[in-house]
Amino acid sequence: MPAALVLLAAGSGTRVGAGANKILLPLGDSTALGRSVAAALAVDDVHRIVLVVRDGDQEAVADAVVPLLGEREVAVVVGGATRHASERAALDVLRTDIVSGAVDVVAIHDTARPVAPPELYAATIAAAREHGGAIPVVPLSGLVTRGLRPAAEGRRLVGVQTPQSFRATDLLTAYDRAATDDFDGTDTAACLERYATDPGLRVAAVAGSPLNVKVTFVEDLATAAALLA
């Protein structure tokens, strides 16, 4: 059964310091958004792609994305004030397909991670079909502290990346329940686990990559460009 992909591009990227949405800044011969869309288009077994954008960026987004589509289409929706609200807006676009069973898994990716390969999308989608949810993780290097105290000895800490994938009906149900409670989570997996009705559902970890960098600061653009080159 096909999956759906949600690409989040509604942030402002103020920490990059460019005065524009960071995912629209030049990255090699494309943009972070363009690279993420190209990877999403290369994922097998995908029924729909939803692009969540910031209001006012629609024209710039179209300029970056339309040349990549060929015969494919993407749905564009304006995001909310938070990540949770943006994800909810995408799920509302996909609601009919989810309820009808036209898609069984929804993958969500932050387009500020432009190096994520199609194979990582596919791995999380496959794991979500088996377990209910899947997130890519990488071991954290160095020493992690809180208040200048080392993390507890023996505790294995990992960094969480995107794309993340979840069974579509469970995810939609969780976000509908969150709306009833006026809950606004900062993490998709946390919302799913909070409101999951299937006791057998779990969010599995799949191997991410240290190369799956996130563009947060201006120097991250140079790192991403070097990796893509």
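In which sense do β7 and strand β12 pair, and over how many bridges? In this predicted model, the two strands run parallel and are joined by six bridges. Strand β12 covers residues 202-207. Strand β7 covers residues 132-139. Within this pairing, A134 of β7 faces A204 in β12.

Strand β7 also pairs with β11 and β10. Its contact with β11, residues 164-167, is antiparallel and consists of two bridges. Here G133 is the residue opposite F166 in β11. Strand β10, residues 158-160, is likewise antiparallel to β7, with three bridges between them. P139 stands opposite V158 in that pairing. Strand β7 thus has parallel bridges to β12, and antiparallel bridges to β11 and to β10.

How many of the eight residues of β7 are buried? Seven are, and the strand is mostly covered. In a regular strand, side chains point alternately to one face of the sheet and the other.

A separate site is the loop that holds T82. This loop lies between β5, residues 75-78, and α3, residues 83-100. Is T82 buried, exposed or partly exposed? Its relative accessible area is 31%, so T82 is classed as partly exposed. That value falls between the cut-offs, since buried means under 20% and exposed means over 50%. T82 and T186 are 104 residues apart along the chain. Their C-alpha atoms are separated by 8.0 Å in the model.

How values were computed. Residues numbered from 1 in each chain as written. Predicted model: local features only at pLDDT ≥ 70, side-chain atom pairs only at ≥ 80, totals over all residues. Heavy atoms only, no water. Buried < 20%, exposed > 50% of the residue type's maximum accessible area, 1.4 Å probe, protein only. Helix = DSSP H or I, 4+ residues; strand = E, 2+ residues; numbered from the N terminus. Pairing = 2+ DSSP bridges.
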